[in-house]
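Biologist: Can you pull up the model? I'd like a quick tour.
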Amino acid sequence: MTIRLRGLLLALGMLFIATTQADIDTPVPGTVTLQTPYSFDVLATRVEQAIANHKMGLVAQASASRGAAARGVSIPGNLVLMVFRNDYAVRMLDANVAAGIEAPLRLYLTENGDGTSNLTYRLPSATFAPYGNRDLDAMATELDEIFNAIVGDATRR
């Protein structure tokens, strides 16, 4: 199995998990979902621009709706944007190597039936809290500010 195929299967598996989690009425603590007035494609463009504006890296993305469309199947739009930056990665790993599984952090866009779309994300402080590490907590607080700014810019009218 090629590395590219393994990566695709991993991304699809992560997307399946993210899609399942988004449908749960009581999300994981620290999860924020914002309904926006924007269409799915407009929101995706706005989020990608906000990521760049806040000097974070769009590490990867996965979309079951794009994959389905390539097979001729139409489902509501969904997109997981995986976001991080190397200086944070170095700090994270210096604080706790096991926390590396949490990166990159994710922003999840979903299309609603009325033409609007939602943006869901987990606060970095909630993501890293289980490690009980002061250095991770400090880094996560910084990332909370950045993610809140990204989301604010992307969803602002």
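Modeller: Here is a short look at a sheet and a helix pair. This is a predicted model, where local features need pLDDT of at least 70, side-chain atom pairs count only at pLDDT 80 or more, and totals for chains, interfaces and linings use all residues. Residues are numbered from 1 along each chain as its sequence is written, and side-chain values use heavy atoms, with hydrogens and water left out.

Biologist: What's the strand order in the sheet?
Modeller: The order is β1-β5-β4-β3-β2, in an open sheet with antiparallel pairing. Strands are DSSP runs of E, at least two residues, and helices are runs of H or I, at least four, numbered from the N terminus. Two strands pair if DSSP finds at least two bridges between them.

Biologist: Which strands stand at the edges?
Modeller: β1 (31–36) and β2 (57–62). Each has a single partner strand, so one side is left without a neighbour in the sheet.

Biologist: How many bridges join β1 and β5?
Modeller: Six, in the antiparallel sense, with β5 spanning residues 117–122. Val32 has Tyr121 in β5 as its bridge partner.

Biologist: Switching to helices. At what angle do α4 and α6 cross?
Modeller: Roughly 155°, and their axes come within 9 Å. Axes are lines fitted to C-alpha atoms, for helices over the stretch in contact, and angles run from 0 to 180 degrees between N-to-C directions. The two helices are therefore roughly antiparallel (an angle over 145 degrees).

Biologist: Which residues of α4 meet α6?
Modeller: Tyr88, Arg91, Met92 and Ala95. Their partners in α6 include Leu136, Met139 and Ile146. Contact means heavy atoms within 4.5 Å.

Key: Parallel < 35°, antiparallel > 145°, perpendicular 65-115°, else oblique.
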